[in-house]
2 protein chains.
Amino acid sequence: MKEQQRSGIPLPTIKRIPVYVSVLEKWLKEGKETVSTTDFAAALTLKPVQVRKDLAFAGAEGKPRIGYRTEELLETLHRFVGWNNLSEAVLVGAGALGTAILGYKGFDRFGLKIKAAFDIDESKCGATVHDKPVYPIRDLKQYVKKNGIIMGILTVSENGAQPAADALVEAGIQGIWNFSPAQIDVPDSIFVQQEDLAAGLAVLAVRIKERQ
Amino acid sequence: MKEQQRSGIPLPTIKRIPVYVSVLEKWLKEGKETVSTTDFAAALTLKPVQVRKDLAFAGAEGKPRIGYRTEELLETLHRFVGWNNLSEAVLVGAGALGTAILGYKGFDRFGLKIKAAFDIDESKCGATVHDKPVYPIRDLKQYVKKNGIIMGILTVSENGAQPAADALVEAGIQGIWNFSPAQIDVPDSIFVQQEDLAAGLAVLAVRIKERQ
């Protein structure tokens, strides 16, 4: 919620960019050289004017009657979200959720690279999870500084969330992707993306109920 | 995206309900007997008029100068999303992501109960994961019918998504919570909630870039 008031680019637009990217990748594979707002509108059940606005926000401009060149548009969208420079991140919390995130294949194509995991439980440390090393949390600050990492992923339990967030902030992280169910308290200069799984559950439950 | 056009209740409103619930639970624990739209507005960085609208959509009506009774409001919100009748679900795909979802503690308080997991890999079947049994996918239909389950959670890989979705539809599921990176194709009568982790990554990357 906070983020909607903080930036010029609407949150729903940003959230749709990965969907445009997925569709574009598919079309590129199929050999489609140009795409139109109408193509997107049909594929994604959006209004053409919304598609045009979204793509304009991302810095893409279509040509009348031609539309967008598929490859060029894909590059523009990647540039927009900074995905052509690999985003490096650290993850805090090497439990079940952390393990799933470390092994999630969907991030690769968006250029996210999780470099290492950190955990408070030293018995987990020294091992690797999905080929990523797990280090003790006390080494976090040194690692983040040394590797110039700006993004932290939080996959700890509700109780561990605030101390882990504090450790990330203290280490110099600029953005936190929070998968824990807890709301965390950080300085205003740090951007928090709350991945609230319960929100998805609420939508599903309400929509199913509406149909019954 | 599809869902926004299909229902009267705005998607952002539904997604905020779990956040209201979290805050209410905290306030209830602290002994706060009544709450006002202003309390919510301050805690969640929303406008009071937005809070009032959200709560009205969920069927809650505040009293002038008093606001809402904390406990009553919590019950209303739970009823709104159908969380006081435990929602039972099956999960398809007992890999890393499926295991994390099966073990995720955040769902319990929202009444989601995952009854069983199904997998195409029979070597995983017969075991339990976080105390949930894993069965072969060929038993899905029979299990869903017998237990009257209407919600399916998809945690398979991109390639496995469409066949798994087909199996859920064939089994009689009414709503699918799709954690796989693939877009799935289902009949219009089935509601799909796409949990697009890449969307969260996009928001985080853009917001960090904006601040640099």
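## The sheet in chain A

Let's start with a pair of strands: strand 4 of chain A runs parallel to strand 6 (residues 132-136) of chain A, and three bridges link the two. Strands here are DSSP runs of E with at least two residues, helices are DSSP runs of H or I with at least four residues, and both are numbered from the N terminus. Two strands count as paired if DSSP finds at least two bridges between them. What you're looking at is a predicted model, in which local features need pLDDT of at least 70 and side-chain atom pairs count only at pLDDT 80 or more, while totals for chains, interfaces and linings use all residues. As for bookkeeping, residues are numbered from 1 along each chain as its sequence is written, chains are lettered from A and ligands numbered from 1 in the order in which they are written, and side-chain values use heavy atoms, with hydrogens and water left out.

Back to the strands. In the pairing of strands 4 and 6, Ala117(A) sits opposite Val134(A) of strand 6. Ala117(A), in strand 4, is also the bridge partner of Leu91(A). Strand 3 (residues 87-92) of chain A runs parallel to strand 4 (residues 112-119) of chain A, with six bridges joining them. Zoom out and you get an open sheet of seven strands in chain A, in the order 5-6-4-3-7-8-9, with mixed pairing. Its edge strands are strand 5 (128-129) and strand 9 (191-194) of chain A, each pairing on one side only.

## A hairpin at one edge

Strand 5 of chain A pairs with strand 6 of chain A in the antiparallel sense, over two bridges. Here Val129(A) faces Lys132(A) of strand 6. The hairpin these strands make has two residues between the strands, and His130(A) takes a positive phi near 45° there.

## Chain A as a whole

Chain A holds eight helices and nine strands. Its C-alpha trace spans about 60 × 45 × 30 Å along the principal axes. How much of chain A is buried? Of its 212 residues, 51% are buried, where buried means under 20% relative accessible area, exposed means over 50% and partly exposed is in between (1.4 Å probe, protein chains only).

Then there are the contacts, meaning heavy atoms within 4.5 Å. Looking at contacts in chain A with a separation of 6 or more, 56% are between residues 24 or more positions apart.

## Helices 1 and 4 of chain A

Two packed helices are described by the angle between their axes and the distance between the axes. Axes are lines fitted to C-alpha atoms (for helices, over the stretch in contact), and angles run from 0 to 180 degrees between N-to-C directions. Helix 1 (residues 11-29) and helix 4 (residues 70-80) of chain A have axes that come within 10 Å and cross at roughly 150°. These two helices of chain A are therefore roughly antiparallel; angles under 35 degrees count as roughly parallel, over 145 as roughly antiparallel, 65 to 115 as roughly perpendicular and the rest as oblique. The crossing is left-handed, which applies when the near helix is turned anticlockwise from the far one by less than a right angle; clockwise makes it right-handed.

Who's touching whom? Helix 1 brings Ile17(A), Tyr20(A), Val21(A), Leu24(A), Glu25(A) and Leu28(A), while helix 4 brings residues including Leu73(A), Leu74(A), Leu77(A) and Phe80(A). By type, the contact has nine nonpolar, two polar and two charged residues. Ala, Val, Leu, Ile, Met, Phe, Trp, Tyr, Cys and Pro count as nonpolar, Asp, Glu, Lys and Arg as charged, and the others, Gly among them, as polar.

Helix 4 of chain A is also home to Thr76(A), which is buried, with a relative accessible area of 12%. Beyond its neighbours within four places in sequence, Thr76(A) is in contact with Ala58(A), Gly59(A) and Ala60(A).

## Helices 6 and 7 of chain A

Next up, helix 6 (residues 140-147) and helix 7 (residues 161-171) of chain A pack at about 40°, with axes 8 Å apart. That angle makes them oblique to each other, and their crossing is right-handed. Leu140(A), Lys141(A), Val144(A) and Lys145(A) of helix 6 meet Ala167(A), Leu168(A), Glu170(A) and Ala171(A) of helix 7. The split in this contact is five nonpolar, no polar and three charged.

## Over in chain B

Chain B has an open sheet of seven strands too, in the order 5-6-4-3-7-8-9 and with mixed pairing. Strand 5 (128-129) and strand 9 (191-194) of chain B are at the edges with a single partner strand each, so one side of each has no neighbour in the sheet. Strand 3 (residues 87-92) and strand 7 (residues 151-154) of chain B pair in the parallel sense over four bridges.

Ala89(B) is a nice residue to click on. Ala89(B) belongs to strand 3 of chain B, stands opposite Met151(B) of strand 7 and is buried at 0% relative accessible area. Setting aside neighbours within four places in sequence, its contacts include Leu112(B), Ile114(B), Ala116(B), Ile149(B) and Ile153(B).
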